[in-house]
Amino acid sequence: MDLSRSDGAGGAGVPTTAKILIAGGFGVGKTTLVGAISEIRPLRTEEPLSDRSVGIDDTHGVGAKSTTTVAMDFGRISFQSQLVLYLFGTPGQERFWFMWDDLSVGAIGAVIMADTRRIADCFASIDYFERAGTPFIIAVNCFDGARRFEPDDIRVALTLNPDVPIAMCDARDRDSVKKVLVVLVRYVMSWSNQAGRVALG
Amino acid sequence: VVRVLLGDLAEEGMLRIVSAQRQPVSDHRLLRMVLDGLESL
C-alpha cells in the first residue's frame, strides 16, 4: 500500500489522492454526511455519550443523539483508478480540536456544517479555517422540523465574506452531499485563482 | 490507534508515507480531476 500526497503527481500505480475535511459543531451531521457518500463503510470513532459529558457537551436540539465522534470519521471515494478522494470528518467538541491540525494537513478545503437550531456552534470551525487560510464553504444540514432560513440570513448570522458559498443539504442524501462537495471544489478553484491574482498583483 | 498502526506498518516496510504539503492544495489539474469525478458520480 502506498500513500500519495495531494499534489496530483502520483506515479505509476500510485493513485493521486485528495482530501476534504468535514467540520462543524457537535451533532451537526458530519458522520452522517461522510457515510452518505463514502464508497467504503466509513471508519468511525463513535463512542456512547456518557453521564460524564453532562454539562460539557451541549445536547440541546440533538436530544436523540446517543454517540459522538472522538477522533475522526474517514470515508473514501474512488473516481478513476488513479484518483482517490478522502473525506475526514473532524470531531466537534472543543476537547478534540487538537486533532484538527493533523487532519487538515494537505486538504483541498473544508465543508463546515451548520444546524440552524445551533448556528453558533460552527463559529469555531470558521475561525479555525480562516486562520489556517483553508478555503471552506458552509453546508446547512436541513434537519426535519428545523426552521428554514435564506442563505443571506445565514451569511449575516455567521458574518461570512460575501464570496463564501452556502449550500443547503440533507446529510443523509448522497446526491445532496455530492452537490455540496462540487460547490466546495468549484469554490476552491475560484479561490486559488483569486489568491494567484493577489500574489501576482 | 491510527498513528501506531501506520507506524508499525511503515517500520515493516509495508507502506510508504510521503509528507503532505502544509499549504492548502491549489493544483488546478488535481482540482479539475476531483470536480470531474464528483460530477460523474
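Before anything else, one definition: I will say a charge sits over a ring if NZ of Lys or CZ of Arg is within 6 Å of the ring centre and within 35 degrees of the ring normal. With that in hand, take Arg117(A), whose charged end sits over the ring of Phe143(A), 4.5 Å from the ring's centre. A Lys does likewise: Lys19(A) lies over the face of Phe88(A), and the distance to the ring centre is 5.1 Å. Please keep in mind throughout that this is a predicted model.

Phe88(A) brings me to the aromatic rings. Searching the whole structure gives five aromatic pairs over all chains. One of them is Phe74(A) with Tyr86(A): the ring centres are 5.4 Å apart and the planes meet at 35 degrees, so this pair is tilted. The two residues are 12 apart and belong to distant parts of the chain, with Phe74(A) in strand β4, residues 73-80, and Tyr86(A) in strand β5, residues 83-89, of chain A. Phe74(A) has 19% relative accessibility and counts as buried, because the cut-off for buried is under 20%. Another pair is Tyr128(A) with Phe129(A), which is edge-to-face, at 5.1 Å between centres and 90 degrees between planes. Both partners count as buried, Tyr128(A) at 14% relative accessibility and Phe129(A) at 1%. Returning to Phe88(A), ring pairs link that residue with Phe74(A) and Tyr86(A) into a cluster.

Next, the core. In soluble globular proteins, nonpolar side chains tend to be buried together. Here the largest nonpolar core has 60 residues. Those with the most contacts inside this core are Ile20(A), Leu85(A), Val111(A), Phe136(A), Ile138(A), Leu181(A) and, from chain B, Val34(B). Which element gives the core its largest share? That is helix α5 of chain A, residues 174-200, with nine residues.

Leu85(A) is worth a closer look. Neighbours within four places in sequence aside, Leu85(A) is in contact with residues of chain A including Ala18(A), Lys19(A), Ile20(A) and Phe79(A). Its contacts in chain B are Val34(B) and Leu38(B). So that you can place those two, a word on chain B: the chain has 41 residues, of which 24% are buried. Its secondary structure is two helices and zero strands. Chain B exposes about 2,900 Å², and carbon and sulfur atoms supply 54% of that area.

Two more residues and I am done. Ser176(A) is in helix α5 of chain A, the helix I named for the core. Is Ser176(A) buried or exposed? At 13% relative accessibility, Ser176(A) counts as buried. Its side chain reaches the backbone nitrogen of Asp170(A) at 2.8 Å. Beyond four places in sequence, Ser176(A) is in contact with Met168(A), Cys169(A) and Asp170(A).

The last one is Asp121(A), which lies in the loop between β6, 109-114, and α3, 123-132, of chain A. Asp121(A) is partly exposed, its relative accessible area being 31%. The side chains of Asp121(A) and Arg118(A) are joined by a polar contact of 3.0 Å. Outside its neighbours within four places in sequence, Asp121(A) is in contact with Gly25(A) and Phe26(A). As for Val105(A), that residue is 16 residues from Asp121(A) along the chain, and 23 Å separates their C-alpha atoms.

Definitions and conventions
Residues are numbered from 1 along each chain as its sequence is written. Chains are lettered from A and ligands numbered from 1 in the order in which they are written. This is a predicted model: local features need pLDDT of at least 70, side-chain atom pairs count only at pLDDT 80 or more; totals for chains, interfaces and linings use all residues. Side-chain values use heavy atoms; hydrogens and water are left out. A nonpolar core is a set of buried Ala, Val, Leu, Ile, Met, Phe, Trp, Tyr and Cys residues joined through side-chain atoms within 4.5 Å. Buried means under 20% relative accessible area, exposed over 50%, partly exposed in between (1.4 Å probe, protein chains only). Helices (H or I, at least four residues) and strands (E, at least two) are DSSP runs, numbered from the N terminus. Contact means heavy atoms within 4.5 Å. Accessible areas come from the Shrake-Rupley method with a 1.4 Å probe; for residues, only the protein chains shown count as cover. Rings of Phe, Tyr and Trp (its six-membered ring) pair if their centres lie within 6.5 Å; planes under 30 degrees apart count as stacked, over 60 as edge-to-face and the rest as tilted. A polar contact is a pair of N or O atoms within 3.5 Å; within protein, one must be able to donate a hydrogen and the other to accept it, and residues adjacent in sequence count only if both atoms are side-chain atoms.
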